[in-house]
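User: Please take a close look at one part of this model and describe how it is built into its surroundings. A single connected account would be preferred.

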Amino acid sequence: MAGTIDQAKMKFSKIVNSRSYTRFNQSQNPDGESSRVEVKLSVEGEEEEEMDGTEQGHVQRDAYMRSSNSRPLNKWRSLVCVGVVLAVFCVGLLIGYSVHRKSESPSCSSPDNDQSSEKAQDVPPIYDVSGPSMDWSDLVKRLNDKLSSKAIEDKLSVYSQRDRNAGSSVDNKLGDNIHDIFTKLNMEPWVDEHYVKLQYPNSTKPNKVRFGSEEIGSPRGFLAYSETGEKEGRVVYANYGELADLQTLQNEEYKVNLNGSVVLMRAGKISMAQKVMNVAKMGAVAALIYPDPADYRTSEDIELYGHVHLGSGDPYTPGFPSFNHTQFPPAKSSGLPGILAQTITTDMARKIFAKMGGNIAPDNFKGVFSSYKLGSETDKVAVSVSNNLVDTKIHNVFGVIKGYVDPDRYVVIGAQRDSLSWGYAKSAVGTTLLLELARVFTELKKDGFKPKRSIVFASWTAGDFGNVGVTEWLEGYWSSLDRKAFTYISLDGVVTGVGSFRASASPLLHTLLQNTLKKVQSPVSRSDLLQSYGGSLSSLLTPMQMDDAAYPFLAFSGIPSVSFSFISSQATADYEFFGTDKDDKNKLDFVTGGKVVELSLLAAQVAGQMALRLVHDHILKLDVTKYSSVINKHVNAIITGVNMLKDDKVDKIESLSTEWLNAAKGSFGRAAASLTTDIDNSDLDDIEMCRILNNRIMKVEHNFLSPYVSMRDVPFRHIFFGNGWQATEDLEKYLKDVHEKKASFDIDQVLNKFALLTWSIQGCANDLAGDIWALDNEI
């Protein structure tokens, strides 16, 4: 058991820690023993091209030469010796060139050749940039030509099987199948194994809901990580359970007290975990969530599945990985609400509303039922939850296409494969595209494409329990991933409709995403995707949510990430069948007009071209200048909040200065502009210079993780996209609440937040500036 984990760690460590100058490959047998050692010292040239327009190549040749000492010559023989030396030099040059060319052929050395292996490691490394070049336009054309509609259609039927719960036999079989495919593609696959706690319904004791003495029903759907037991209380209807909804219930008109209540909410707008946590903070003892016909236009027996952990990963190992040999005392995530939570069907909710009294609900609370009331003191509902917490072994599966210049730098493309229901749109489409892109990238490599950086393909499991597989991997390999994984591209839920497009991404990826959408042609018009969806990327961007698989990469690990989806043109929320037992092929065919395969092909082109660009160019296509506008937005909002409090003459506010925060904002802007200038003035044929510049770019996202908070206590440490007191939005909200008399002013708390936020931004600016002597020391 421990051996399997150690083998996985060794396998992953080989990939991420490989040297970037010399190709030193040691292939392995399935049992982990070395079977062949291969050393390649390459000096051939490689044409590279950077721009979208006219491509210009360059040829770079590196040679490793040892110096030698010449013997002194007698003057009277100098002319003769010079001639002899020249002749010998010419002959030696020809012989050396011939020998060197032979050394480039693949080695067939045996595993016992340890001595030659050690000697090879002593040779000063050089970059491997050999092989035929492939310009950008040719590369994109080959990518699009190789993507196959037939292959996508065939794979969809395989990866949409029912009952592929995380850790189940079906899930494990699919994982083995993916591992076999990666093996056939020579992608050196490995498996990452974790032992996690997952919660499932009790097969012998179903969950139940009663209104008074009448049983409402026993739903099949459930919410993982709910507390177990039975609670009874006054039933209160709270619309979507958003904070604004709960504040409406407590205003002067309604004055509803949620303490000790059972809160009935409709699904949508925010995650189920957010709903349950919101009412738990108000003192509720249980939460019921149902699909309202106004939001879910399907049968009344639709079942909902989800979880209540307001976080990601195994909630019983917060901040550390769930390896079997880790020894930690029992712990719980602060994101667990600690109350009963259960989903019910539309028909069950209709029965409850029919029995409820009290005030008529506000107009914005109403759906399509005939009656919506908030509930009276005598309306009692009992909820019984009997879920079992199960220790489960799960497997993430990986394959890699190694880079030739910087193999220890990599982009990760990932997709969830498990599902609590059919999960056709949620995970089957993404897994299909993951394998299709793996096949196509492998073929591109055979055609002569040599990516500068590596591409890791990841198949995650336990995604329906709150991105457990993803987060445990990030927690387990934090040190290996730090400053090495530079982008994550999520394939989850990439097709949920037709007619529009939506994306969530780190600002560093906005320019790349925009340029990619300009290069992918719409199948229904002659224009590109960006133009066909309005021509502006900003109108297509939405904030990244916590239940997005890309979120832990961004907010927990500081790795720029992106997720996107083709959606219905009328869509105002997520695909209505996510997390239901109706997320099947028929429903997705219906909402897309039978264009699932066609849209999947487009999604593969978008993800594939983004990944190609990130591993093809000399300089990473991560636009650091985009963060300047993000910083400006938040700093200006904070300054506005402070000025409002000064106008309100809040006590001690005069001691608060925004000067240094504003200075840090300016420092980042100057550092970003300086990097752009350095890139423009650098010789991109200089590989070491490119690596130095790319290192500066890669550190930006990571440096926005606040170093002043604990990973265990506040896992999402990002100051702009995280969740906690270190986030800029938390400070902005606090200043607003003080202005609106919803909170008292604590000058020490505000000064502390100002200082830490200022130095987080300034620290990022310093690192972006480069060398220590180039720092902006204005502060």
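Analyst: S706 lies in the loop that runs between helix 20 and helix 21 (728-739). The model is a predicted one, and the description below should be read in that light. With a relative accessibility of 2%, S706 falls under the 20% limit and therefore counts as buried. Its contacts, once neighbours within four places in sequence are set aside, are R717, I719, Q726 and S760.

One of these residues, S760, leads to the helices around the loop. S760 of helix 22 also belongs to the contact between helix 20 and helix 22. Two packed helices are described by the angle between their axes and the distance between the axes. For helix 20 and helix 22, the axes come within 9 Å and cross at roughly 170°. That angle is over 145 degrees, and the two helices are therefore roughly antiparallel to each other. On the side of helix 20 the contact is made by R696, K699, V700 and N703, and on the side of helix 22 by S760, C764, D767, L768 and A769.

Helix 19 joins the same surroundings. The buried residues of helix 19 pack against helix 20 (687-703) and helix 22 (747-769), and also against helix 18 (626-647). These buried residues are L661, A663, A664, K665, S667, F668, A671, A672 and L675. Helix 19 itself covers residues 659-680, 22 residues in number, and spans 32 Å from its first C-alpha to its last, close to the 32 Å expected at 1.5 Å a residue.

The wider chain gives the setting. Its secondary structure comprises 22 helices and 18 strands, and 54% of its 779 residues count as buried. Among contacts with a separation of 6 or more, 79% are between residues 24 or more positions apart.

Elsewhere in the chain, strand 9 (residues 286-290) and strand 11 (residues 340-343) pair in the parallel sense over 4 bridges. L340 of strand 11 is the bridge partner of A286. From strand 11, L340 and Q342 point one way and A341 and T343 the other, yet all are buried.

As to confidence, the chain averages a pLDDT of 85, and 81% of the residues score at least 70. Over residues 16-76, however, pLDDT stays under 50, and the model has 139 contacts beyond four places in sequence for this stretch. Residues 99-127 likewise have a pLDDT below 50, with 39 contacts in the model beyond near neighbours in sequence. Where pLDDT is low, the predicted coordinates should not be read in detail.

Notes:
Residues are numbered from 1 along each chain as its sequence is written. This is a predicted model: local features need pLDDT of at least 70, side-chain atom pairs count only at pLDDT 80 or more; totals for chains, interfaces and linings use all residues. Side-chain values use heavy atoms; hydrogens and water are left out. The expected span of a helix is 1.5 Å times one less than its number of residues. Buried means under 20% relative accessible area, exposed over 50%, partly exposed in between (1.4 Å probe, protein chains only). Contact means heavy atoms within 4.5 Å. pLDDT is the predictor's confidence in each residue, from 0 to 100. Two strands pair if DSSP finds at least two bridges between them. Axes are lines fitted to C-alpha atoms, for helices over the stretch in contact, and angles run from 0 to 180 degrees between N-to-C directions. Angles under 35 degrees count as roughly parallel, over 145 as roughly antiparallel, 65 to 115 as roughly perpendicular and the rest as oblique.
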